[in-house]
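Visitor: Could you pick a single part of this one and take a close look at it with me? I'd love to see how you'd work outward from there.

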Amino acid sequence: MSDSHPSGGGAASPEGPTLSDKAQVDAKAMPRVLQRITVLAFRYPGLVALAMACSLGSALASLALPRLFGRSVDQAHHLLVGAAAHPEAARHALWVSAGLIVAATIVRGVMTMLSGYLGEYVSQKVGYDLRLQFFQQLQRLSFGFHDRIHSGDLITRGMLDLEGARVFIQGGLMPVLTLVLLLAFAAWEMLSTDLVLGLIGLAFVPISAGALGRMGFLLRVTWLRFQELMSALTLTMEENLQGIRVVRAFAGKTFELAKFDKASMDALAYSYDRITLRFRAVSVMQVSFNASMAGILFYGGHKVATGALSVGTLTAYLTYMTLLQAPIRQIAMIFNSAARATSSGGRLFEVLDLVPEIADAPNAPALAPAKGVLRFEHVDFAYVRGGKTILKDISFEVGPGQTLGVVGPPGSGKSTIANLIPRFYDVTAGAITIDGVDIRSVTLASLREYVGLVQQEAFLFDSSIGHNVAYADPWAEETRIVGAAKVAQIHDHIAGLPEAYETRVGERGVALSGGQRQRMSIARGVVPGPGVMIFDDSTAAIDAVTERRVRDALAEATAAKATIIIAHRLSSLMHADQIVVLDEGRVVERGTHAELLKAGGVYADLYELQTRSDAEAVMDDAAPVPAPKNEEVRA
């Protein structure tokens, strides 16, 4: 394949807003991102309303407990203390109060369970929707985007970041609702009963909120950096697994372990930072809570001793404080969930908000070719706007039944031509037309159904041979699958396997040789029968004898199609009706094989070089091996 394509990140033109390369914290991002996640939850208004109703029921049942406890204590004190004691009446009143307390506890438990279940259910539904949206977006975004963003980062965004955003619904949104209800009703009850005692009891709330708010902002920073480190960790693992044979062949295990260990330690360090931040805030909250509890006991006990406050009312206050303790502790989890959701959701929405650079024009019709004549009209192309021009003023035409050969040194732009025809990228200037219709004006789906591209790198899915061959047309009849395999000269090998076309090829086709994978790729390209066939150095790993048989079979199978063959070996395209020779992105020669040889230019030099190399290789193979000298034998 031509190496004119830019490698690594930053090569392709940006697609909409660029993705962040470093941890950058937007202080205004939290409400914006959390609001967006909340809106996603309200796509299921019935479930959310039911969950909110259950949270309200749980809060009301919880708030009934302090009143019941306070009333029970006052009843017991009134009926048991003093001259007019009534033990039986006190026992009966306590049994009634106990029954009401048990009933309120059961209601609170059931409502809490239902609220939690519904919150989890809604969050899982939102997670399902986001996964589909994210995967669909990855299919829509152009090759320019995928050229500069590593798949490890995208996997992290689509899994870890998505999970962090989803969990906020159950770990942040629903608990916030319960917390707000409890605080609102408890504060009203406590302040309306005794203002000073209520203020003492609620004094810990602003202190805790301040400490936890600071924690939330700092966690936002650490979560963002942590997610980026997890992307690097995923990248390291993915590259190691994909290149495991290279690692083993060059004894690189120690180096790879050290690289993975460093990435893991970096992520672990930020995990420690998050733990430290969280427990500092929790400690402040716990100390302030205990101080408020001590203040209620001191001030409330003094008022009870002076008769200004009943024992039952003080009991109710202490019960309110005990009741608020668990939800207030949850504030730390809520802020942690919100901080994670802000960082994770921000990274996820970065991808979801990108506008594909390569997309259908508004109201674009499907491609409806009549003759199927493909034409390049003064095409210029650069991968980066304003960057190096890869193709310059390229013009040619190939019609049905014709074969165009493209040859040139590495980096001359051969594979770029192949990538422009199915519109993986858009031309910078000029136009590519089929029957005079600019390919940018028709739908991508119809264009890519009509254009078949067989690339040098033959990617195979971990599925059966039959499924891989029929990937472009899953409903293809068995006769078409077998016919395509015969054209690619791979049928005999498949038929000899124990499970024939049901044999699994393994991850990335590991069970097949390089030449077999290429022939599988050729068969896959032949099955749908597209109108334009492009072979981008697709026989580079096939031996010369098999290549000749594949070429002859392809000539018959594509006799009525416009065919483009891109190759380094001239034997692959000598039969072409026309050959264009590229050099530094320009067409420097064109003509038939015989015409180009007669011209004595670049093509003729390349042909002579390849012919001489092949002849020398044959002579080297045929030359006898000299016998070793006696000294060498003795040695």
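Guide: Let's zoom in on strand S4 and strand S5 (residues 437-438), which run antiparallel and are joined by 2 bridges. That's just enough to count, as two strands pair if DSSP finds at least two bridges between them. Quick housekeeping: this is a predicted model, so local features need pLDDT of at least 70 and side-chain atom pairs count only at pLDDT 80 or more, while totals for chains, interfaces and linings use all residues. Residues are numbered from 1 along each chain as its sequence is written, and side-chain values use heavy atoms, with hydrogens and water left out.

Back to our pair: Thr-433 faces Asp-438 in S5. The hairpin of S4 and S5 has 2 residues between its strands, and Asp-435 there has a positive phi near 55°. S4 (residues 429-434) has another antiparallel partner in strand S1 (residues 374-381), with 5 bridges joining them. Look for Asp-380, which sits opposite Ala-429 in S4.

By the way, the labels are DSSP runs numbered from the N terminus: helices (H or I) need at least four residues and strands (E) at least two. With that rule, the protein chain has 20 helices and 10 strands.

Now find the open sheet, where 6 strands line up as S6-S7-S8-S3-S9-S10 with mixed pairing. Strand S6 (451-454) and strand S10 (586-591) are the edges; each has a single partner strand, so one side of each has no neighbour in the sheet. From one strand to the next, the twist averages 15°. Inside this sheet, S3 (residues 403-407) and S9 (residues 578-583) run parallel, joined by 4 bridges. Val-406 has Val-580 as its bridge partner in S9. As a rule, side chains in a regular strand alternate between the two faces of the sheet.

Just before strand S8 (562-566), in the loop that follows helix H17 (544-557), you'll meet Lys-561. Lys-561 counts as buried because its relative accessibility is 18% (buried is under 20%, exposed over 50%, partly exposed in between, with a 1.4 Å probe and protein chains only). Its C-alpha atom is 7.9 Å from that of Gly-372, though the two residues are 189 apart along the chain.

Over to the helices! H5 (residues 151-193) and H6 (residues 195-202) pack at about 140°, their axes 5 Å apart. Axes are lines fitted to C-alpha atoms, for helices over the stretch in contact, and angles run from 0 to 180 degrees between N-to-C directions. That makes H5 oblique to H6; under 35 degrees is roughly parallel, over 145 roughly antiparallel, 65 to 115 roughly perpendicular, and the rest oblique. In contact terms (heavy atoms within 4.5 Å), Ala-187, Met-190, Leu-191 and Thr-193 of H5 meet Leu-195, Gly-198, Leu-199, Gly-201 and Leu-202 of H6.

H6 also packs against H9 (residues 253-305), at about 155° with axes 7 Å apart, and the two are therefore roughly antiparallel. Val-196, Leu-197, Ile-200 and Gly-201 of H6 make this contact with Ser-292, Gly-295, Ile-296, Tyr-299 and Gly-300 of H9.

Finally, zooming right out, buried residues make up 46% of the 635 residues in the protein chain.
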